[in-house]
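Hi everyone, thanks for making time this morning. I'd like to walk you through one structure, starting with a single side chain and then turning to the empty space inside. Let me put it up on the screen.

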Amino acid sequence: MRTFRLDKINLTNKVTVHSLDCSGQIRRRLLDLGICKGTLIIPIFRSMTGDSTAYLVRGSTIALRKEDAKNIQVVLNNN
């Protein structure tokens with residue numbers, strides 16, 4: 001299974017979380033947002049500067065900075 005960092009995913013791809021590569025406060029924040037293994041994430045909008053992206057996660061839209069998204073390993077969904 002090939003994994004990718006969330007910050008490298010195109011807006012047209014739906015992905016599933018494989019793992020979190022972080023600890024401490026950022027890990028706690030991601031878990032509090034519902035981002036854990038098996039979670040479906042759909043990118044919906046990228047800022048003009050490209051520094052942050054909005055994602056649909058468990059029915060909510062959240063924005064993550066590229067710095068935070070790089071800590072999330074994902075796999076592409078086939079559908």
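So, let's begin with F45: buried or exposed? F45 counts as exposed, because its relative accessibility is 52% and the cut-off for exposed is over 50%. Please keep in mind that this is a predicted model.

Where does F45 sit? You'll find F45 in strand β3, which covers residues 40–46. Leaving out residues up to four places away in sequence, F45 touches L11, S52, T53 and A54. If you'd like a distance for orientation, take T61: F45 and T61 are 16 residues apart along the chain, and their C-alpha atoms are separated by 10.0 Å.

Now, on to the empty space. How many cavities of 30 Å³ or more does a search of the whole structure find? The search gives 1, and the volume of this largest cavity is about 40 Å³.

Who lines the largest cavity, then? Going along the chain, we have D7, R46, G50, D51, S52, T53, Y55, L64, R65, K66 and A69. Three elements, β4 (52–57), β5 (60–65) and α2 (66–69), each give two or more residues to that lining. Strand β4 provides the largest share, with 3 residues. For those of you thinking about chemistry, the lining divides into 5 charged, 3 polar and 3 nonpolar residues.

One link back to where we started: S52 and T53, which are among the contacts of F45, also line the largest cavity. That's my tour, and I'm happy to rotate the view for anyone who wants another look.

Methods. Residues numbered from 1 in each chain as written. Predicted model: local features only at pLDDT ≥ 70, side-chain atom pairs only at ≥ 80, totals over all residues. Heavy atoms only, no water. 1 Å grid on protein atoms, 1.4 Å probe; cavity = no way out; pocket = protein on both sides within 12 Å on 5 of 7 lines; lining within 4 Å. Points joined across faces, edges and corners; volume = space filled by probe spheres on them. Helix = DSSP H or I, 4+ residues; strand = E, 2+ residues; numbered from the N terminus. Nonpolar A, V, L, I, M, F, W, Y, C, P; charged D, E, K, R; others polar. Buried < 20%, exposed > 50% of the residue type's maximum accessible area, 1.4 Å probe, protein only. Contact = heavy atoms within 4.5 Å.
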